Amino acid sequence: MTSQTITADAAGRWKLADLTVSRVGLGAMRLTGSAAFHLGTPSDRDRSIAVLREAVDRGVDHIDTAAFYFSRLRSANELVNRALAPYRDDLLIATKVGPYRDQQGGWGEAARPDELRGHVEENLRQLGRDHLDLVYLRRMRQESIAEHFGALADLRAAGLVRHLGVSQIEPRHLAEAQAIAPVVAVQNRYGLDPAGSDRAASDADTLLRLCGEQGIAFVPYYAVAGRYGENAVTAPDHDEVRAVARAHGATPAQVRIAWVLSRGPHVLAIPGTGDPAHLVENIAAGALRLTGEDLRRLDALRAAPAH
Ligand SMILES: NC(=O)c1ccc[n+]([C@@H]2O[C@H](COP(=O)([O-])OP(=O)(O)OC[C@H]3O[C@@H](n4cnc5c(N)ncnc54)[C@H](OP(=O)(O)O)[C@@H]3O)[C@@H](O)[C@H]2O)c1
C-alpha cells in the first residue's frame, strides 16, 4: 500500500446527522502521553499538534476527544484547540461526559445528572467553542441512563450541544435514550478479538446491528489496541492477522481498522495515536479491501472465546 498518498476519503463517508464525515477519524486519547490513562511521560506537545494537523490535512474530519483525556502536562482538548482552531465548519469534534477525573488524574464518582452541564461547559472552555457538535453520555455502569441522558437532552435543547450519542451501553439503553432524544452515534468497545466479557462482546455485536438497521453511526474504540485496551500493545498480533497483513503489504493495525470498517457502512473508526507514522498508516487502512477469504479467517478470531 502506498500509504503516503492515501487520504481519509478512501474509507468512504457517512452522514452523521447534518455532517458527512470520513469513515476513518482520529481518537485523541493517545495524544497526551504514554502509559495507562497517560499518567506516565507527557507527550511532546509539538508532535501531538503535528499529528492533529496532519490528520486534518489528510482528510480526517471526525475527532474523538474528552476533557478527561489528560496527562500531567497535556490535555487532549487543549491540543485539539491549539492545533485546529479556528475550526473548519466541516469538522466534527465529538466529546464524552460521564466519567470524572480529579486534578491528580484519579477517577472519581461518575458525574450526577445535575453535574453534566458543568462537564459540557468544561469541554466548551477547553475546546474554545460555543457549542459541541456531538456529546456522548459515557455510561458508568448505571442500570438506567434516563436521568443522565435527559440532562444532556436539556443541554441540546438549550443549544450547547448539537447532537447526542451514547457510549459503553447495553442494547436496552439505546431504546431508553431514544425515547428521550435522537441518538446519532453509539460508541462501544469493539474489535477483532472479543476483549472484555462474552456479554460485552455480544452486546457490541447487537448494537452494531441495531445501529446499522437504524442508520446510527457505530464508533468502535480499542479497535487497534484490542485486548490491550488502554495499555500499549506489547506482543505481536495473532498469526491470522499478520498473515492477512502480509498478503496485502499492510500492517496488523491496518488489518484491524479495515476489519471494523468491513462490518458496515455506518462504522466509523477512530484509531488513536500520537505517532505521525501510525497516523498515516491508519488513514491508509481505509483503502485496504479485505477479501472474502480474509474475512473468513478474521471473523473466526472474533468468534473465539474472550480472553
Ligand atoms: N467511549 C469510551 O469509553 C472510550 C474508551 C477508550 C477510548 N475511547 C476513544 O477511542 C479512541 C480509540 O481508542 P485508543 O486510542 O485507546 O485505542 P486504539 O486506537 O485501539 O489503539 C491505540 C494504541 O495502538 C497504537 N497504535 C495506533 N495505531 C497504530 C499503528 N498503525 N501501528 C501500531 N500501533 C498503533 C497506539 O500507540 P501509538 O500512539 O504509539 O500509535 C496505542 O497504543 C480513543 O483515542 C478515544 O478517543 C473511548
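Is arginine 117 buried, partly exposed or exposed, and what is its relative accessible area? Arginine 117 is partly exposed, with a relative accessible area of 40%, and this residue offers a way into the salt bridges of the structure, which is a predicted model.

**Salt bridges**

Side chains of opposite charge can pair when their charged atoms come close. A search of the whole structure finds 26 salt bridges, and three of them are set out here.

| Pair | Distance between N and O |
|---|---|
| Glutamate 121 and arginine 117 | 3.3 Å |
| Arginine 172 and glutamate 143 | 3.2 Å |
| Aspartate 205 and arginine 302 | 3.2 Å |

The pair of glutamate 121 and arginine 117 belongs to helix H3 (residues 116-127), where the two are separated by about one helical turn because they are four residues apart. Glutamate 121, like its partner, is classed as partly exposed, its relative accessible area being 29%.

Arginine 172 makes its salt bridge with glutamate 143, a pair that links distant parts of the chain, since arginine 172 is in helix H5 (residues 171-178), while glutamate 143 is in the loop between strand E6 (132-138) and helix H4 (146-157), 29 residues apart. Arginine 172 has a relative accessibility of 41% and counts as partly exposed, whereas glutamate 143, at 60%, counts as exposed.

Aspartate 205 and arginine 302 also meet through their side chains. Aspartate 205 lies in helix H6 (residues 198-214) and arginine 302 in helix H10 (residues 292-303), so this salt bridge ties together parts that are 97 residues apart in sequence. The aspartate counts as partly exposed at 34% relative accessibility, but arginine 302, at 11%, counts as buried. Beyond single pairs, salt bridges that share partners join Arg139, Glu143, Glu170, Arg172, Arg199 and Asp203 into one network.

**Surroundings of the ligand**

The ligand has 25 residues around it, of which Asp64, Ala225, Gly272, Thr273 and His278 come nearest. By character, this shell divides into eleven nonpolar, eight polar and six charged residues. Helix H9 (residues 276-284) gives the most to the shell, contributing three residues.

Several polar atoms of the protein can be placed against particular atoms of the ligand. A polar backbone atom of valine 224 is 2.8 Å from an oxygen atom of the ligand, and a backbone N or O atom of glycine 274 lies 3.0 Å from an oxygen atom of the ligand. From glutamate 281, a polar side-chain atom lies 3.1 Å from a nitrogen atom of the ligand. On its own the ligand has 900 Å² of accessible area, and the protein covers 87% of it.

How values were computed: Residues are numbered from 1 along each chain as its sequence is written. This is a predicted model: local features need pLDDT of at least 70, side-chain atom pairs count only at pLDDT 80 or more; totals for chains, interfaces and linings use all residues. Side-chain values use heavy atoms; hydrogens and water are left out. A residue is near a molecule or strand if one of its heavy atoms lies within 4 Å of it. A polar contact is a pair of N or O atoms within 3.5 Å; within protein, one must be able to donate a hydrogen and the other to accept it, and residues adjacent in sequence count only if both atoms are side-chain atoms. Accessible areas come from the Shrake-Rupley method with a 1.4 Å probe; for residues, only the protein chains shown count as cover. Ala, Val, Leu, Ile, Met, Phe, Trp, Tyr, Cys and Pro count as nonpolar, Asp, Glu, Lys and Arg as charged, and the others, Gly among them, as polar. A salt bridge is a side-chain nitrogen of Lys or Arg within 4 Å of a carboxyl oxygen of Asp or Glu. Buried means under 20% relative accessible area, exposed over 50%, partly exposed in between (1.4 Å probe, protein chains only).
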